Amino acid sequence: MRKAPGWGFMCQPGGHSCHNGSVPLLGGAAIYCAVLLSFLLFFLVFSEWPPGFMHPDYKALFSLLIGTTWIAALGTLDDRRHMDWHSKLLGELVGIAILLIGGHTIQNATLPFVGVVHFGWFGQIFFALSVLTITNAVNLIDGLDGLAGGICFFAALVSGIIGLLKGDIFMAVIGFGVSGGLLAFLRYNFPPASVFMGDGGSLMLGFLLSTLATSSAATSPGQRSGMMTMILVPFMPFGIALLDVSFAIIRRSISGRRIFQPDTDHIHHRLMEALGRPRRVVALLYLFSALLSALTLAMVLGPRHELYRIYIILIGILALGLVILLLRLYTRESLPRILGNRAHMKYLASFSDFMCRRLQRVSTEYEALTLLQRGVCDLDFDTVRVEKYGSIYLEWTREQPLHPDAPRSEREWSLGNGVIVRWTMPKHESESYQNYLLLTWNQLLKSLSRRLPKLRGGC
């Protein structure tokens, strides 16, 4: 936390972030230390002890350590350099390739009404897609203080318990080690957070925990191989993150937005609007994760009592009720209105890509700041004004403001080095379009604030 500002690992407010001030982004490095210590603990203490416990294939174990380290480095680089999604996806595929070379796959699973299904070579494809999905799901849900860390805590705890009770000492050590590291991290990440895990933490945790949940390379942790009671069991602790990904793909496809472009319509954003306080949102989603984790343990470990089925049904009903509650958060706007705004949403997505490319070609501060004129020309703002050290530097005004009867809002953004951008915009009828418009503009300002220090002054 002390080193992050000097090293440039800071999360600035605005865009799709839910915080007001600058927050250090190196929490993922601390969590990685817990992961690394857990691996070392296994190597030094538990690799040949205790007797009676099963041990994993060491080739698979080393590939998991190397792959996890690679993904942690990739995410940390993204926190510093702000990579595009193409580069991140390529880096994630390299990490998954490391796992496949190490022997990780999904060999078989026991499905209800079917029995044991052997995947063969298709197991590698299914394994790769599973890891890729969960990795990015955890990354997407990391938009509210304490949320991703709490969900991963429950997932790691489930892995540790299953490993201990099934005799998989490696999974037990890693699961408990990661959950302990996350518990310490949440001390500083719970709302209001004083440190974020960043992509270096969220990508790494999704990658590591999804491998523990799905890979058949280790001996028999109970969540993998033929010991699964159903194919969905490994994904249940990540239920909130996967549900959020499903909602994101559906709403972005329907509304015309890019699937990989961020927005402010995630589950936690909607819950924030409904509940108003981050701690309430986090507590509700923690409850959902705890229920899914309890259901996972019950299904994997098997019945221990005659009330087992009643227990499964009650937890399933509670989880279903929470899903219905979350689905109701996405019914604020009718489908015809969403489809009516589809062309505008597609334009905003194209605008964001085009302006980011334009920004990379400018050579002076003046050229970069003149790009803000597009707020008046293309985004229908009333005015955009750039102030430098308290004096007006550039200003653009629309002669005939659009939507003259709509209420107006005035906002500002500091670009650093004494440069402040102020703008006036009308409030649109569609709340989702209004939010996406503001998000698109904020992303441009955020990119501009990172680009300006690298440019020379002058007209």
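The chain folds into 17 helices and eight strands. The model is a predicted one. Of its 459 residues, 53% count as buried. Among contacts between residues at least 6 apart in sequence, 68% join residues at least 24 apart. This briefing covers two helices, H4 and H14, and a sheet on which helix H17 packs.

**Helix H4**

- Helix H4 comprises residues 85-101, 17 residues in number, and its first and last C-alpha atoms lie 24 Å apart, close to the 24 Å expected at 1.5 Å a residue.
- At the start of H4, the backbone nitrogen of His 86 has a side-chain oxygen of Asp 84 within 3.0 Å.
- Beyond the end of H4 comes Gly 103, which has a positive phi near 100°.
- Lys 88, Gly 91, Glu 92, Gly 95, Ile 96 and Leu 99 are the buried residues of H4.
- Viewed down the axis of H4, these buried residues fall within an arc of 140°, so they line one face of the helix.
- The partners against which the buried residues of H4 pack are helix H3 (58-81), helix H5 (122-141) and helix H8 (198-214).
- Leu 90 and Ile 101 are exposed, on the face of H4 turned away from its buried side.

**Helix H14**

- Helix H14 runs over residues 342-361; at 1.5 Å a residue its 20 residues should span 28 Å, and the 30 Å between its end C-alpha atoms agrees with this.
- Its buried residues are Met 345, Leu 348, Ala 349, Phe 351, Ser 352, Met 355 and Leu 359.
- Because the buried residues of H14 fall within an arc of 155° when seen down the helix axis, they line one face of the helix.
- Four helices pack against the buried residues of H14, namely H9 (239-255), H15 (365-370), H16 (374-377) and H17 (431-451).
- On the other side of H14, the exposed residues are Ala 343, Gln 360 and Arg 361.

**The four-stranded sheet**

- Four strands, in the order S6-S5-S8-S7, make up an open sheet with antiparallel pairing.
- Strand S6 (391-397) and strand S7 (408-416) are the edge strands, each pairing on one side only.
- On average, and with direction ignored, neighbouring strands of this sheet are turned by 15° against each other.
- Strands of a sheet pair through backbone hydrogen bonds, in either a parallel or an antiparallel sense.

**Pairing of strand S5**

- Antiparallel strands S5 (residues 383-388) and S8 (residues 419-426) are joined by six bridges.
- Within S8, Ile 420 is the bridge partner of Glu 387, and Val 419 is that of Lys 388.
- Strand S5 also pairs with S6, in the antiparallel sense and over six bridges.
- Lys 388 stands opposite Ser 391 of S6, in addition to having Val 419 of S8 as a bridge partner.
- S5 and S6 form a hairpin with two residues between the strands, and Tyr 389 in the turn has a positive phi of about 55°.

**Helix H17 and the sheet**

- Helix H17 packs on the sheet and touches S5, S7 and S8.
- The direction of H17 makes about 165° with that of S8.
- Helix H17 also belongs to the group of helices packed against the buried residues of H14.

Definitions and conventions. Residues are numbered from 1 along each chain as its sequence is written. This is a predicted model: local features need pLDDT of at least 70, side-chain atom pairs count only at pLDDT 80 or more; totals for chains, interfaces and linings use all residues. Side-chain values use heavy atoms; hydrogens and water are left out. The expected span of a helix is 1.5 Å times one less than its number of residues. Buried means under 20% relative accessible area, exposed over 50%, partly exposed in between (1.4 Å probe, protein chains only). The arc is that of the directions from the helix axis to the C-beta atoms. Contact means heavy atoms within 4.5 Å. Two strands pair if DSSP finds at least two bridges between them. Axes are lines fitted to C-alpha atoms, for helices over the stretch in contact, and angles run from 0 to 180 degrees between N-to-C directions. A polar contact is a pair of N or O atoms within 3.5 Å; within protein, one must be able to donate a hydrogen and the other to accept it, and residues adjacent in sequence count only if both atoms are side-chain atoms.
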